[in-house]
Amino acid sequence: MKRLTTAAVLVIAAFAGVSDVRAAPDFAGMQVQPYEPPKPAPDFGLPDLAGRTVRLQDLRGKTVMLFFWATW
């Protein structure tokens with residue numbers, strides 16, 4: 001099955017005009033962006049309803065939803 005898959009890729013690449021199947025894809029030409037893994041959020045602290053400061057570091061490993069809004 002693996003041999004058939006490799007042959008199919010080579011045939012498709014030949015029809016598409018690709019000379020080297022292992023070449024990096026041209027993301028700019030396809031107008032898509034490659035996936036970049038998310039970066040860790042910076043550590044910050046905010047007061048809770050009781051006035052105690054809750055830091056993001058204290059919530060590591062838990063699901064955190066942040067809602068930022070303003071009333072101007």
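What is the volume of the largest pocket? In this predicted model, the largest pocket has a volume of about 220 Å³. The residues that line the pocket are F44, L46, P47, D48, L49, V54, R55, L56, L59, V64, M65 and L66. Sorted by class, the lining comprises 10 nonpolar residues and two charged residues, with no polar residue. Strand β1, spanning residues 45-47, and strand β2 each contribute at least two residues to this lining.

The protein as a whole contains two helices and two strands. Their order along the sequence is α-α-β-β. The chain has 72 residues, of which 3% count as buried. The exposed area of the protein is about 7,500 Å², and 63% of this area comes from carbon and sulfur atoms.

A nonpolar patch of about 400 Å² is found on the surface, made by L46, V64, L66 and F68. L46, V64 and L66 also appear in the lining of the largest pocket. V64 is located in the segment that follows β2, the strand of residues 53-55. V64 counts as partly exposed because its relative accessibility is 35%, a value between the limits of 20% for buried and 50% for exposed residues.

Side chains of opposite charge can pair when their charged atoms come close. In this model the number of salt bridges is two. One of them joins the side chains of D43 and R55, with an N to O distance of 2.7 Å. This pair connects distant parts of the chain, since D43 lies in the loop between α2 (27-30) and β1, while R55 belongs to strand β2, 12 residues apart. The C-alpha atoms of D43 and R55 are separated by 6.9 Å. D43 is partly exposed, with a relative accessible area of 39%. R55 likewise counts as partly exposed, at 38% relative accessibility. R55 is also one of the residues lining the largest pocket.

The other salt bridge is formed by R52 and D48, whose closest N and O atoms are 3.4 Å apart. This distance satisfies the criterion for a salt bridge, because the nitrogen has to be within 4 Å of a carboxyl oxygen. R52 is exposed, as its relative accessible area is 56%, which lies over the 50% limit. D48 counts as partly exposed at 26% relative accessibility. D48 also takes part in the lining of the largest pocket.

The backbone at Q31 was examined as well. Most residues other than glycine have a negative phi. Q31 is not a glycine, yet its phi is positive, at about 60 degrees. Q31 is placed in the loop between α2 and β1, and D43 is found in the loop between α2 and β1 too. Q31 counts as exposed because its relative accessibility is 75%.

Several of these features involve common residues. D48 and R55 are listed among the lining residues of the largest pocket; D48 is paired with R52, and R55 is paired with D43. V64, a lining residue of the largest pocket, is also part of the nonpolar surface patch.

Conventions
Residues numbered from 1 in each chain as written. Predicted model: local features only at pLDDT ≥ 70, side-chain atom pairs only at ≥ 80, totals over all residues. Heavy atoms only, no water. Patch = residues over 30% accessible without salt bridge, like charges linked within 9 Å, V, L, I, M, F, W, Y side chains within 5 Å. Areas by Shrake-Rupley, 256 points an atom, 1.4 Å probe, with all protein chains shown as cover. Helix = DSSP H or I, 4+ residues; strand = E, 2+ residues; numbered from the N terminus. Buried < 20%, exposed > 50% of the residue type's maximum accessible area, 1.4 Å probe, protein only. 1 Å grid on protein atoms, 1.4 Å probe; cavity = no way out; pocket = protein on both sides within 12 Å on 5 of 7 lines; lining within 4 Å. Points joined across faces, edges and corners; volume = space filled by probe spheres on them. Nonpolar A, V, L, I, M, F, W, Y, C, P; charged D, E, K, R; others polar.
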